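Work through the following exercises with the sequence and the structure side by side. Try each task before reading its solution.

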Amino acid sequence: MATTPMVTAAAAGGEQQQQQQQQLQQPGTDMTGICFRDQVWLHSFPLDRNLVFDYFAISPFYDSTCNNELLRLRSIHPLDHSHLSKMCGIEYALNEVVEPHLFVFRKQKRDAPDKVTPMLTYYVLDGSIYQSPQLSTVFAARIARALHHISNAFHDLPSNLHNLTHNQTALHESTNKDATIDFKELKRLDLILASLQRKLPPAPPPPPFPEGYAPPTTEADKDTEKHQGADSQLPTLDPIIDQGPSKRMKLQ
C-alpha cells in the first residue's frame, strides 16, 4: 500500500516531463490549418514592430531552437540583423510590416552571412497568426478543385443535354400552338366589326376649302404634273416620215 503514492508521483512526474519535451519540440511543417490568437496579450501590449516578435514567440509556430531565442537570452533584440547575420542556423526575419495590421515573418536557414535559404512564411493579420501555404500546395489545391468541377460537368452532361432537348421541344410546340390561326375567331371578329359599322352613322363629307386657298401638293402630284406637261409639249410627228421607208417618195 505504501508504494502506490510513490508510483503515482513517479507517473505524474513522467507525464510532466513528456509535456515539457513536447513543448520544446520543433513545430510541424504543415500547420496551415490552425490559427493562433491571444486576446489577453493583445489587450496588454501594443502590436508594433518592436513587440510583435514577443507575440509570435508564444505561438505554436515558434521554434525555440532558433538564433532569435539565443539573442533574447542575451538581452538583445531578437530581430537585430547585425547579430543574426553572424550566426548560422534557423532564424526568423521580419520581411513586411504594415502597422498595426500586418506583419510577415520568414523562417529561414542561414549558412553564411550572405547565404540564406527560405523555409516557411508566417503572417500576423490583425492579431491572428497564420502559416502561409506553400506555392506547390496552392497549385495542387487549385488543380484538384478544377478537376472536381470538370468531372462533375462531364457527369451531369447527359442529363443537361436531355433537359435542354426537352426544353427546346416544349418551346417549339408552344410556339406552334401560338402561331395557329383560328378561322372561327377571325370570322366572328369580322361579324362584330361589320355590325358595328352598320350601327355607326356615315362619315360626314370634308368641309370645302376657303377662297384663295391652294391645297398643298405632294411630290407624287408634282411628278404627275411634270409628265403631263412634257407630253403636251411634244412636237407633232411628220405623217410622211411615220409611214416608214417603204412609203417615202423616190427621187429620180
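**Exercise 1.** State how many helices and strands there are in the protein, and give their order from the N terminus on.

*Solution.* The protein has ten helices and four strands, where helices (H or I, at least four residues) and strands (E, at least two) are DSSP runs, numbered from the N terminus. Read from the N terminus on, the elements run α-α-α-α-α-β-β-β-β-α-α-α-α-α. This is a predicted model, in which local features need pLDDT of at least 70 and side-chain atom pairs count only at pLDDT 80 or more, while totals for chains, interfaces and linings use all residues. Residues are numbered from 1 along each chain as its sequence is written, and side-chain values use heavy atoms, with hydrogens and water left out.

**Exercise 2.** Find what share of the residues in the protein is buried, and how much area the protein exposes.

*Solution.* Begin with the term: buried means under 20% relative accessible area, exposed means over 50%, and partly exposed lies in between (1.4 Å probe, protein chains only). Of the 252 residues in the protein, 18% are buried. Next, the protein exposes about 20300 Å², and carbon and sulfur atoms supply 59% of this area; accessible areas come from the Shrake-Rupley method with a 1.4 Å probe, and for residues only the protein chains shown count as cover.

**Exercise 3.** Describe how β3 and β4 pair, and examine the turn between them.

*Solution.* Two strands pair if DSSP finds at least two bridges between them, and β3 and β4 pair in the antiparallel sense over four bridges. As one position to look up, L125 stands opposite S128 in β4. The two strands form a hairpin with two residues between them, and D126 is placed in this loop, between β3 (115–125) and β4 (128–131). D126 has a positive phi near 50° although it is a residue other than glycine, and with a relative accessible area of 43% it is partly exposed.

**Exercise 4.** Locate S75 and P100, and say what stands out in the backbone at each.

*Solution.* Start from the general rule: most residues other than glycine have a negative phi, and most peptide bonds are trans. S75, which lies in the loop between α4 (67–73) and α5 (81–84), is not a glycine, yet has a positive phi of about 60°. S75 counts as exposed because its relative accessibility is 71%. P100 is found in the loop between β1 (89–98) and β2 (102–112), and a cis peptide bond with an omega of about -10° joins E99 to P100.
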